[in-house]
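Take a look at the protein shown here. The paragraphs below walk through it step by step.

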Amino acid sequence: GIEGALGAAAPLASWVAAPLLAISLVAGVVGESFERRTMVYWFTRPVPRWSVIAGEFVANALLCALILGLAGMLLAVAYALTGDATVGALLRIPMAFALEGVGLAGLALGVGVLAPKHPVVVAAAILLVVEGALPNLVAGFKYASLFAHVGWLAGVEGLVTEAATGHVSAPPWPVSLAVVLLYAAAPTLAAMRVAETRDLA
């Protein structure tokens, strides 16, 4: 079955490789552009500041989605080799991983703009608390976990570890999709707002 095919590969890709990719690729670069003031160049052009942040998000979200979608395709191939995979299941895995890339890109972008001095540390700390600590303290926090919703969307239950406090049931897929998109939208909108008002003198 899918658990045997994916083993530790799916959790490793979703919980470790994906956050490290997004944090280093997006949060670190965006934070550095504010710290070294290269972002100031764009803000002096005759375009709204929010549009610069929006462009950063679109570019980084596409890149993260592409890379994680390809990783999801490799996991789907591993599942297909078991011989009991359906076409729907094979499509769900790369699509869910691509969505995780979009969510992580938005989160990392927001952290890069809001905490430009230490974006990598702050982003990693947020993920450790939201994805690691809280869901294992209270089962209900699993519903706020990006990785859990990605697991539910992918149909890979191994990605949704059972909290020490008890089991949680999967929500309907539109709820999981909304949560993943919220991870992308909320930090990006906050970054746009901060960029509009930040004093760059």
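What follows is a short tour, from the overall fold to single residues.

Start with the whole. The model is a predicted one. It contains eight helices and zero strands. Follow the chain from its start, and the pattern reads α-α-α-α-α-α-α-α. The protein has 201 residues, and 44% of them count as buried.

Now go to helix α2, which covers residues 9–35. Two of its residues are worth finding. A22 lies in this helix, and so does V30. Is A22 buried or exposed? A22 counts as buried, because its relative accessibility is 1%. V30 has a relative accessible area of 2%, so V30 is buried too. The cut-off for buried is under 20% relative accessible area.

Each of these two residues can be paired with a residue much further along the sequence. A22 pairs with A123: they are 101 residues apart in sequence, yet 9.5 Å apart in space, C-alpha to C-alpha. V30 pairs with P116. Here the separation in sequence is 86 residues, and the C-alpha atoms are 7.3 Å apart.

Next comes the surface. Which residues form a nonpolar patch there? The patch consists of L63, L66, I67, L70 and M73. Together they have about 440 Å² of accessible area. Look at L63 in particular. This residue lies in helix α4, which spans residues 49–80. L63 counts as partly exposed because its relative accessibility is 36%. That value falls between the limits for the class, which are 20% for buried and 50% for exposed.

Turn now to an open space in the model. Rolling a probe the size of a water molecule over the atoms shows where empty space is left. The second largest pocket holds about 150 Å³ of space. Which residues line it? The lining is made of R92, M95, A96, L99, W152, L153, W173 and L177. Three helices each supply at least two of the lining residues: α5 (87–114), α7 (146–154) and α8 (173–197). Helix α5 gives the largest share, with four residues. What is the lining like by class? Seven of its residues are nonpolar, none is polar and one is charged.

Stay with helix α8 for a moment. A184 lies in this helix. A184 is buried, because its relative accessible area is 4%. Its partner to look for is L99, a residue of the pocket lining. A184 and L99 are 85 residues apart along the chain, and their C-alpha atoms are separated by 9.3 Å.

Finish in a loop. Where is A144 found? A144 sits in the loop between α6 (119–137) and α7. With a relative accessible area of 36%, A144 is partly exposed. Now locate S176, which is 32 residues away from A144 along the chain. The C-alpha atoms of A144 and S176 are separated by 9.5 Å.

Put the stops together. The tour began with a protein of eight helices. It passed buried V30 in α2, then a nonpolar surface patch that includes L63. It then reached a pocket lined by residues from α5, α7 and α8, and it ended at A144 in a loop.

Note on methods: Residues are numbered from 1 along each chain as its sequence is written. This is a predicted model: local features need pLDDT of at least 70, side-chain atom pairs count only at pLDDT 80 or more; totals for chains, interfaces and linings use all residues. Side-chain values use heavy atoms; hydrogens and water are left out. On a 1 Å grid over the protein atoms alone, a cavity is a set of points where a 1.4 Å probe fits but cannot get out, and a pocket is an open set with protein on both sides within 12 Å along at least five of seven lines; lining residues have an atom within 4 Å of a point. Grid points are joined across faces, edges and corners, and a volume is the space filled by probe spheres set on the points. Ala, Val, Leu, Ile, Met, Phe, Trp, Tyr, Cys and Pro count as nonpolar, Asp, Glu, Lys and Arg as charged, and the others, Gly among them, as polar. Patches are made of residues with over 30% relative accessible area and no salt bridge: like charges are joined within 9 Å, nonpolar side chains (Val, Leu, Ile, Met, Phe, Trp, Tyr) within 5 Å. Accessible areas come from the Shrake-Rupley method with a 1.4 Å probe; for residues, only the protein chains shown count as cover. A salt bridge is a side-chain nitrogen of Lys or Arg within 4 Å of a carboxyl oxygen of Asp or Glu. Buried means under 20% relative accessible area, exposed over 50%, partly exposed in between (1.4 Å probe, protein chains only).
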